[in-house]
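I sat down with this one and kept notes as I clicked through it. Entries follow in the order I looked things up.

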Amino acid sequence: MKILLVCAGGMSTGLLMKKMEKYWEERGEENSINAVGLSEYMDVYKDYDIIMTGPQVSYRLNQIKQDTGLPTEGIPSFDYAVGNCANIMKIANKLYAQK
């Protein structure tokens, strides 16, 4: 699964991205993830299976879905803040099943 994380600037989502990579490595899963800011997702979305957004850009969720046509969902604020990889993967797997 190839996940694109979208946030305001890519910084805090970059931290989550590293946690997700470690989570997969510990479980022997082969997924890939990349974090970009709002201004960049249109340039790269075709290389991904799903899009997940940080809470700070949840107001753009419908626009991102419309622009890309990819399964897209926001990460809940608490899961995002604490890096709850297990809950985030539940959302990711649900989105991937929609592809």
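Started at cysteine 7 and asked for its contacts beyond four places in sequence: Thr13, Val36, Gly37, Leu38, Gln56, Val57 and Tyr80. This is a predicted model, so I read every value below as computed from it. Cysteine 7 sits in strand β1. Buried or exposed, I wondered, for cysteine 7? It counts as buried, because its relative accessibility is 1% and the cut-off for buried is under 20%. I also checked the distance to lysine 19: the two are 12 residues apart in sequence, and their C-alpha atoms are 16 Å apart in space.

Next, the cores. How many residues does the largest nonpolar core have? I got 21, and Ile3, Leu5, Met20 and Met52 have the most contacts inside it. The elements giving two or more residues to this core are β1, α1 (11–27), β2 (32–37), β3 and α5 (85–98). Of these, α5 gives the most, with 6 residues. There is also a second, separate core of 11 residues, and I noted Val36, Leu38, Val57 and Leu70 among its members. Val36, Leu38 and Val57 were already on my page as contacts of cysteine 7.

I went back to methionine 20 from the largest core. Setting aside neighbours within four places in sequence, methionine 20 is in contact with Ile33, Cys85, Ile88 and Met89.

Helix α3 (residues 61–68) was next, and I looked for its buried residues: they are Leu61, Ile64 and Thr68. Why do they end up on the same side of α3? They cover an arc of only 65 degrees around the axis, so they share a side. The face turned away from that buried side carries the exposed residues Asn62 and Gln66. I then asked what the buried residues of α3 pack against, and the list came back as β1 (2–7), α2 (41–44), β3 (50–53) and β4 (72–74).

I stayed on α3 for threonine 68, which lies in that helix. Threonine 68 counts as buried because its relative accessibility is 11%. Its side chain reaches the backbone nitrogen of leucine 70 at 3.2 Å. Not counting residues up to four places away in sequence, threonine 68 touches Tyr41, Met42, Tyr45 and Ile51. Just after α3 comes glycine 69, and I noted its positive phi of about 75 degrees.

On the other side of α3 in sequence, I looked at arginine 60, found in the loop between β3 and α3. Arginine 60 counts as partly exposed because its relative accessibility is 25%. Leaving aside neighbours within four places, its contacts are Leu38 and Tyr41. Tyr41 had also turned up for threonine 68. The C-alpha atoms of arginine 60 and glycine 74 are separated by 9.6 Å, with their positions 14 residues apart along the chain.

Then charges. Side chains of opposite charge can pair when their charged atoms come close. How many salt bridges are there? I count 2.

One joins the side chains of glutamate 26 and arginine 27, at 3.6 Å from N to O. Glutamate 26 is exposed, with a relative accessible area of 53%, whereas arginine 27 is partly exposed at 44%.

The other joins lysine 94 and glutamate 73, at 3.0 Å from N to O. That pair links distant parts of the chain, with lysine 94 in helix α5 and glutamate 73 in strand β4, 21 residues apart. Lysine 94 is partly exposed, at 43% relative accessible area, and glutamate 73 is partly exposed too, at 23%.

Last entry: aspartate 79, which lies in helix α4 (residues 77–82). What does a buried aspartate 79 have in place of a salt bridge, I asked, and which side chain of opposite charge is nearest? Aspartate 79 has no salt bridge, and the nearest side chain of opposite charge, lysine 90, is 8.5 Å away. The cut-off for a salt bridge is within 4 Å, so lysine 90 does not qualify. I did find a polar contact of 3.2 Å between the side chains of aspartate 79 and asparagine 87. Beyond four places in sequence, aspartate 79 is in contact with Asn84, Asn87 and Ile88. Ile88 is also one of the contacts of methionine 20.

Notes
Residues numbered from 1 in each chain as written. Predicted model: local features only at pLDDT ≥ 70, side-chain atom pairs only at ≥ 80, totals over all residues. Heavy atoms only, no water. Buried < 20%, exposed > 50% of the residue type's maximum accessible area, 1.4 Å probe, protein only. Helix = DSSP H or I, 4+ residues; strand = E, 2+ residues; numbered from the N terminus. Arc of directions from axis to C-beta. Contact = heavy atoms within 4.5 Å. Lys, Arg positive; Asp, Glu negative; His and termini not counted. Polar contact = N/O pair within 3.5 Å; in protein donor to acceptor, adjacent residues only side chain to side chain. Core = buried A, V, L, I, M, F, W, Y, C linked by side-chain atoms within 4.5 Å.
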